[in-house]
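Here's an informal walk through a fold, strand by strand and ring by ring. Have the coordinates open and follow along.

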Amino acid sequence: MAMDVVDYEIKGAEMQFVEIELDPGEAAIGEAGSMFFMDPAISMEAVFGDGSASQGGFLGKLMGAGKRLLTGESLFTTIYTNNAADKRRVAFAAPYPGKIVAMDLRQLGGTLICQKDAFLCAARGVSLGIAFQQKLSTGFFGGEGFIMEKLDGDGMAFVHAGGTIVRRTLQPGQTLLVDTGCVVAYTPNVNFEIQYVGKIKTALFGGEGLFLAKLTGPGELWLQSLPFSRLASRIFAAAPQRGGHKEEGSLLGGFAAGGLLGGVLGGDDE
């Protein structure tokens, strides 16, 4: 199956979405539940795996669905096909605050490895697979586990990450140390290893954990400033833990609010 060449526009600031323009007969694939809106005459079809040519036949589709299951994604993706005689548009929204990045796989050598939840949508023909971590230490302590997503093809793919996304180009032998959860995607020639921080006190009280990701070039690397796991942990820490209400502000303000509420509920003694 030839890659569809699609036009697109990324809109929004903190909560972005990508709007893809489809010529007659063109199609896009989207992660389950990512569709935002679409024009009439665009058909939706849920398929096993990604619907690429490499998954022809029942066995190929079953293997493709199994790969997605290993990465923690849904067994299905949805194909959006333009059945009209003119151009139509379909949009896909990010699941949480962050940025959407357009990845031209043709310019990246045809393959991109990314974290399990990064894929949002792509042009029809892009293949979604899995990439196994080569080293046990990377799999155990790399923040993403043994299995990451692999995008293959020469079309456009769109990935999403939290906060601000930074792209770095690593020269041969150049190394960058990164928090393990902040790695979004990288090209296959980047070497991904795990490095121990070296000091117990720093590991226990520095707030960065015991390990850092060590990435060595050559290759391209994308980083996120706010991993979803970090955002979720902050929300959980701020949420009431025992059914009460957590007040913000000073201790004096809490006493004042409590006294005022007691007066209202208790009534006037006079």
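Let's start with a strand pair: strand S3 (residues 27-31) runs antiparallel to S10, and 3 bridges join the two. One residue match to click on is Ala28, whose bridge partner in S10 is Ala123. Keep in mind throughout that this is a predicted model.

S10 itself spans residues 119-123 and is mostly covered, with 5 of its 5 residues buried. S10 also pairs with strand S13 (residues 156-162), again antiparallel and again over 3 bridges. Here Cys121 stands opposite Phe158 in S13.

**The four-stranded sheet**

Now for another sheet. In what order do the strands of the open sheet come? The order is S1-S2-S7-S4, with 4 strands and antiparallel pairing. The edges are strand S1 (7-11) and strand S4 (35-38), each of which pairs on one side only. On average, neighbouring strands in this sheet are turned by 20° against each other, direction ignored. As general background, strands of a sheet pair through backbone hydrogen bonds, and the pairing can be parallel or antiparallel.

Strand S7 (residues 88-93) pairs with S4 in the antiparallel sense over 3 bridges. Two matches are handy for checking the register: Phe37 has Ala91 as its bridge partner in S7, and Met35 stands opposite Phe92 in S7. S7 also pairs with S2, antiparallel over 6 bridges. In that pairing, Glu21 has Arg89 as its bridge partner in S7.

**Aromatic pairs**

How many aromatic pairs does a search of the whole structure find? The search turns up 7. Two of them are set out below. A ring pair is described by the distance of the centres and the angle of the planes.

| Pair | Centre to centre | Angle between planes | Geometry |
|---|---|---|---|
| Phe17 and Phe36 | 5.0 Å | 70° | edge-to-face |
| Tyr80 and Phe92 | 5.2 Å | 80° | edge-to-face |

Why does the first pair tie together parts of the chain that are 19 residues apart in sequence? Because Phe17 lies in strand S2 (residues 17-22) while Phe36 lies in strand S4. As for the surroundings, Phe17 is buried, at a relative accessible area of 17%, whereas Phe36 counts as partly exposed because its relative accessibility is 45%. Phe17 and Phe36 also belong to one aromatic cluster together with Phe37, and Phe37 is the residue bridged to Ala91 in S7.

The second pair goes edge-to-face because its planes are at 80°, and an angle over 60 degrees is what earns that label. Tyr80 sits in strand S6 (residues 76-82) and Phe92 in strand S7, so this pair ties together parts that are 12 residues apart in sequence. Are these two rings buried or exposed? Tyr80 counts as buried at 3% relative accessibility, and Phe92 counts as buried at 0%. Phe92 is also the residue that Met35 stands opposite.

Still in strand S6, have a look at Phe76. Phe76 has 37% relative accessibility, so it counts as partly exposed. Its C-alpha atom is 8.0 Å from that of Glu31, although the two are 45 residues apart along the chain.

**A buried threonine in a loop**

Where is Thr187? Thr187 is found in the loop between strand S16 (183-186) and strand S17 (191-196). Loop or not, Thr187 counts as buried because its relative accessibility is 5%. The Thr187 side chain reaches the backbone nitrogen of Glu220 at 3.0 Å. Leaving aside neighbours within four places in sequence, Thr187 is in contact with Leu108, Leu112, Gly219 and Glu220.

**How confident is the prediction?**

Before you set up anything on this model, check the scores. The chain averages a pLDDT of 77, and 67% of the residues score at least 70. Two stretches deserve a look. Over residues 54-60 the pLDDT is below 50, and this stretch has 8 contacts in the model beyond near neighbours in sequence. Over residues 249-258 the pLDDT is also below 50, with 0 contacts beyond near neighbours in sequence.

How values were computed
Residues are numbered from 1 along each chain as its sequence is written. Side-chain values use heavy atoms; hydrogens and water are left out. Two strands pair if DSSP finds at least two bridges between them. Axes are lines fitted to C-alpha atoms, for helices over the stretch in contact, and angles run from 0 to 180 degrees between N-to-C directions. pLDDT is the predictor's confidence in each residue, from 0 to 100. Contact means heavy atoms within 4.5 Å. Rings of Phe, Tyr and Trp (its six-membered ring) pair if their centres lie within 6.5 Å; planes under 30 degrees apart count as stacked, over 60 as edge-to-face and the rest as tilted. Buried means under 20% relative accessible area, exposed over 50%, partly exposed in between (1.4 Å probe, protein chains only). A polar contact is a pair of N or O atoms within 3.5 Å; within protein, one must be able to donate a hydrogen and the other to accept it, and residues adjacent in sequence count only if both atoms are side-chain atoms.
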